Structures are given as structure tokens and as C-alpha cells.
Amino acid sequence: AALEYVRSHPLEPLDTTDFERACGVGVCVTPEQIEEAVEAVINEHRAELLAERYRFNLGGALSTGEARNRLRWADGKTIKNEVDLQVLHLLGPKTEADLEKKPKAAKARPAPVEKQKTAVVNGEVGTETQSLLEQLRGEALKFHKPGENYKTEGYVVTPNTMALLKQHLAITGGQVRTRFPPEPNGILHIGHAKAINFNFGYAKANGGVCFLRYDDTNPEKEEEKYFTAIREMVEWLGYQPYAVTHASDYFDQLYTWALELIRRGQAYVCHQKVEEIKGHNPPPSPWRDRPVEESLLLFEDMRKGKFGEGEATLRMKLVMEDGKMDPVAYRVKFTPHHRTGDKWCIYPTYDYTHCLCDSIEHITHSLCTKEFQARRSSYFWLCNALDVYCPVQWEYGRLNLLYTVVSKRKIIRLVETGAVRDWDDPRLFTLTALRRRGFPPEAINTFCARVGVTVAQATMEPHLLEACAREVLNEQAPRAMAVLEPLKVTITNFPAPKALEVLVPNFPADESRGFHKLPFQSTVYIEETDFREEADKGYKRLAPGQPVGLRHAGYVIAVQNIIKDASGRVIELEVTCTKSDVAEKPKAFIHWVSEPLPCEVRLYERLFLHKNPEDPAEVPGGFLSDLNPDSLRVVHSALVDSSVLSARPFDKFQFERLGYFSVDPDSAEGKLVFNRTVTLKEDPGKA
């Protein structure tokens, strides 16, 4: 009780009278009060006691409700003795039946429920698992409530804390506020998807809001295309930011606060070179104790461009958890900013900007990945040094995938060497690449939901993400038929003078979702691999003497003649057809196309051969030496049925028996291009 009171009243001095009242000081619980409380509980549960006798859990009943309130300060041993006495008086001594073990009740099997696959659709948090929702609501994460920041372990309380929290609550109304703060110097990847889901999902699950804030403090690496792509990916995943902000929105305020930090003796201008202050044990700055007025003048000179890059920095006076001393708050950069132009030639660092932007936006939960834990002390220190509202930083584990690289520098190297086309090459795991390959956003959100929120880093196999894609695409992707390696088949006894019309269900498992019409005529094309001149044992598809059915057509075909070219390669089959309802049931049904559309199909495999291409122990030659030469196979002469004629980029289909495919933006009029997203079944060799 004392500890709970102190946590709820962090400021000194404590009200001693109120503290002692909360802790039960001076309360006297008499034996008569204990007797009355126990008797009341026994009377309340008399029927159950008589029925279950000594198997009844009276301790549980005593720990709840009015009895617990009455006996909160009572001696536990005295209570137990009184319970034993009154139960013995009611039931008498234990019998042999009382001593027998209570048989275990058979566990009732829960009724099967339809698996809920979608984690987020159109900004609505779904229910992949109830436990995830509990995590997002903070029930499992044990997050603080808005305005109760001081209850968080390690949170620094100052004499102004409670007043600042009161102002904060007046502004937010107790609303949960989070933010997703990417740097606009690259494309988001699968790890960012977890951060997006956690920040936006936590806010949504708790009736709050989430900001999209660009951390645009390094003008050298920022490009407009990254700003656009980041917001596009956030919205593609199903989230709408409460507001889109930029760190640069607050440059004036940040500069004002930097001056105040100097005036308070908490920052100074330093002239050590970058190389001198790198690492964890750099030499102390000889300028650490320079006069405040001198630092103010020099900082103004920095702003006016009187120092070259690297000649002066503004540093804060603190030691961080990782031993880093006096982190840099401002540095000189003579690079125009994409939003502020050449107004500034000094720019704030992450260590300085991050917590202050959170404070300005009244963020309640600053959710960061684990590597930022070393910056937590500087986060609290800086807000308190300036006497501004201090949010709480919470850390969680990163999400990584095997068989890939996600660092911006390494992806740039892949692009420069021609190993991949660009940031959206479907073999990468950037979000733009996953979208181009055909992964639905719901699948990515479901994957993040299944990974969950943990403190430890999660390193996952790609096939787990692929499994999520199959689940979603099975429900979303209408069926079509395509042939990757076409073999011409001529039906010599075709039953009609012109093409027949075949109805094909968009979703065979649910025909209520509609049909599409396909032409069926005397010339069709099948997969080259669906025919063999000799049928081996276990082979069930087309061969001389072994007919097959044509899916959805209602006909069975049988080989009559094999036509080969000069090299002996089979180039055409002549077959006869029989209606399925009169023919003997074939061993297999194969897909086909008739009057097809030409298309290009791109088949993707893993980009790297080893699980950890960046690990020198696993790949001594570096990640570029680990490229899979078979990561892309392009089929230029594939054929697809006419149902996809009006397909647009990113439309998705299941090509029967082949896998799930998505229309690539490279498609042009008269030539569709498809990317294989995933095969229909997981390749056991990849698991």
C-alpha cells in the first residue's frame, strides 16, 4: 500500500496524514470483526459449502468483495484460524469421501471458429488474435495511462512534472497519442511495417490518434520521392495519419530551446572533430566549461554560417546509458533543406529533436525499437532540462527477415551493381517491392500481428510471410488460367463449328461470388509439362492411352497423334474429346487456355542463398557474393485466358495450379506482365 501511494504521489513533501491513512496506520481489526466477516462470507456461500464440503475454495471467496475490504489490514493467520473453526462447526470433521481426490473435469473442446485473417483493413484494427488486441490495448504491455507518465519505471519526476502533466491532459483530453517518425531518406521495409502497425494500431485500439512525422533533419539524404512513398505505404497498409508533420515544422522552436539550454548551462559549443568524439571513450571536450555568453555568441555564429562544416557543434551536458558523453544537438551543414530552403545552415540531431517534437505534439507513448533504449536517459533529461512536457519512451524488439538485406546503403549497392532494378524490385522486402510483387497489405498486417510485440528482436523466415499472403489471396484473388510453357493441342472432333462458351467460377469454393466466360474452341494450349510420351508409374496427366479432363470445360481429351519438329521436340498434339458425363473418369484434370492473351510472367525466388547474407561468418565474401543466380526467371511467351483482359497494375489472380500472380506496372496495352507472388503451396525445401 505504501509503495502504491508513493508511485501515485511522486512529488515531495508527502502528506503524512493521508499517507498513513492509505497504509492502514492505526487501524485495529478486532477478533470480533474477523469473526463477523468470515461468518458473512460462509453464510453467503453456505449452499456451495454444503454441496462441495471441503473441496470448496473459501479462500477465493474471502479474497473478493466486502470481506476483503473489511479484512484488508487483518492478520492473515488469525483469519485462517477463524475460517477453519467456522467450517469445522458447519461441516463437521472430514470424512473419507472428503479425502478422495476430486476428479478432473473433461476439458470442453471449443467450437471451431472461422480463422480471422485480416489484421487491419481500411484503418480498422482487426482480430488476428485476442491476445494481440490485449497487447495493443496495453493490457499485456502494462503501458501507463495518459497523464500517469510518472508511474513508469525510470521516469524522472521534477517539481514541475505534475503541473506539466495537468496541462498536457487539458490539451489532449486524456487521449492516447503515438507517432510514426521515419527518416525520408529511403523506402520503408518489412521492419517498418511492424512499427506502423504498432504505432497506429496501439492508438486505434485505445481510441487515440497517431501522427506521421517525417524526421527531416538531414537535408543531404532527403528526397521528395521518399516523402511521397512513405505516406503512400502507410495508407496502403490501411492507416490514415491524424496529422502529417515534419521535424522541420518546429525548427524555430527547437532553435529557441537550444538557446535556452545554453543559458541554463546545459549545452556548449564545441570544436572537437567528428573523429575525436566517436566511440564510447572519447577525450572530454576542452570547451565543456566555457562561459554561457561565449557559447551563445558562438552558436549565433554557427547559425550565421561563420563556421565551416565540422568546425563547431552544439553539445548537451549529459552521459547516456551506453557511455556516450555529451551528444551533439546541432551541427553545421551548408545544404539547402527541401522545405526551408537556405534559411538554416545548422540542423538539429535525432538526440535533440526526437523527444522535443514528441513533447510539442503531446505524444503519450513514444514507441521505439530496442536500439533506442540507450537514448532513453537523454530523452527524459532534455525535456526536464527545458521544463517541458516529457512523454514516455517505450522500446520493443525489431522485426527482421532471413535471406534478405534491408539497410538503405546495401539496397543502394544492389541497385548500383544491377543485382536488382530499384527499391521496388519484387525480390526485396521493402514495402514498395512487396506491393509490386503482389503481397496484399492485409497479409503484411496479419504477419506483423502474428509476430506480436516483444522486447526481444524477432527474426522470421520469409515463408511465414508467404503463408499469410496465401491465406488472404485465397479469399481475394479470383481464379484464372494461364500456361507458362504452351503446347498446342488440336481437337480433331471438336463438337461445334465455332467456339463454345464456358462458365468458370471466380471462386470455385463459393460460386455465389460470380463467374466469368471463356471461349473454348478446337485449338487449346496446355502446359508442356502436362504431357509425356510415356507415362511413368504415378504420372496421372496426359499421355498416349491416358486421357485427362480439361478443367471447367466438361470434356476429356485423349491423344491421337504427336507432331514433332526436326529436332524431335513435341510441338503439337492432335486429340479427340468426349463429354465428361459419358467418358470414363480421368485420373487428372489440367488447366488450358483458348483464344488466349500473350503475357510475360516473372517467377521470383530468394535473392540470397544464405539465411544471413550480411554475416561474415556465414558469407565471408560479403552480401554481394551471396546473390542467387536463379532469383528471377522471365517467361516471355506465356499465355493467359481472356478474363484478365481489363486487369490493371496490382490486380491479383490465382492462376489455377500455378500460384498467385499480380499485374506488374510494366504492363502495356496488348502485353500484360505478371509477377508471381507465391506458389499455391509452400515449398518444403524453403521451410
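This is a chat about the domains, one domain interface and some side-chain pairs of a predicted model.

Biologist: Hi! Which domains is the chain divided into?

Modeller: Hello! In this predicted model, domain 1 covers 1–94, domain 2 is made of 132–247 + 353–401, and domain 3 runs over 250–350. Domain 4 takes 408–478 + 600–679, and domain 5 takes 489–495 + 518–589.

Biologist: Let's look at domain 4 and domain 5. What separates their centres?

Modeller: The centres, taken over C-alpha atoms, are 33 Å apart. In the contact, domain 4 takes part with 7 residues and domain 5 with 9 residues.

Biologist: Nice. And how much area do they bury between them?

Modeller: About 570 Å², and 49% of that is on carbon and sulfur atoms.

Biologist: Which residues supply most of it on the side of domain 4?

Modeller: That would be L639, E656 and R657. They supply 68% of the area that domain 4 buries against domain 5, more than any other three residues.

Biologist: What about charges? How many salt bridges are there between domain 4 and domain 5?

Modeller: The count there is 2 salt bridges. E656 turns up again: its side chain meets that of R551 in a salt bridge, at 2.6 Å from N to O.

Biologist: And how many residue pairs are in polar contact across that interface?

Modeller: There are 3 such pairs, counting residues that are both at pLDDT 80 or more. By class, the side of domain 4 that touches domain 5 has 3 charged, 2 polar and 2 nonpolar residues.

Biologist: Changing topic: how many salt bridges does the rule count in the model?

Modeller: The count comes to 42 salt bridges. R179 and D358 form one, with their side chains meeting at 3.2 Å, N to O.

Biologist: Which parts does the pair of R179 and D358 tie together?

Modeller: R179 lies in strand β3 (residues 177–180) and D358 in helix α16 (residues 350–360), so the pair links parts that are 179 residues apart in sequence.

Biologist: Cool. Now the rings: how many aromatic pairs are there?

Modeller: The rule gives 24 aromatic pairs. F211 and Y242 make an edge-to-face pair, with 5.2 Å centre to centre and 75° between the planes.

Biologist: Where do F211 and Y242 lie?

Modeller: F211 is in strand β4 (residues 209–214), while Y242 is in the loop between α12 (224–236) and β5 (243–246). The pair therefore ties together parts that are 31 residues apart in sequence.

Methods. Residues are numbered from 1 along each chain as its sequence is written. This is a predicted model: local features need pLDDT of at least 70, side-chain atom pairs count only at pLDDT 80 or more; totals for chains, interfaces and linings use all residues. Side-chain values use heavy atoms; hydrogens and water are left out. Domain bounds come from an automatic or database domain assignment. Contact means heavy atoms within 4.5 Å. Buried area is the accessible area (1.4 Å probe) that two parts lose on being put together, summed over both. A salt bridge is a side-chain nitrogen of Lys or Arg within 4 Å of a carboxyl oxygen of Asp or Glu. A polar contact is a pair of N or O atoms within 3.5 Å; within protein, one must be able to donate a hydrogen and the other to accept it, and residues adjacent in sequence count only if both atoms are side-chain atoms. Ala, Val, Leu, Ile, Met, Phe, Trp, Tyr, Cys and Pro count as nonpolar, Asp, Glu, Lys and Arg as charged, and the others, Gly among them, as polar. Rings of Phe, Tyr and Trp (its six-membered ring) pair if their centres lie within 6.5 Å; planes under 30 degrees apart count as stacked, over 60 as edge-to-face and the rest as tilted. Helices (H or I, at least four residues) and strands (E, at least two) are DSSP runs, numbered from the N terminus.
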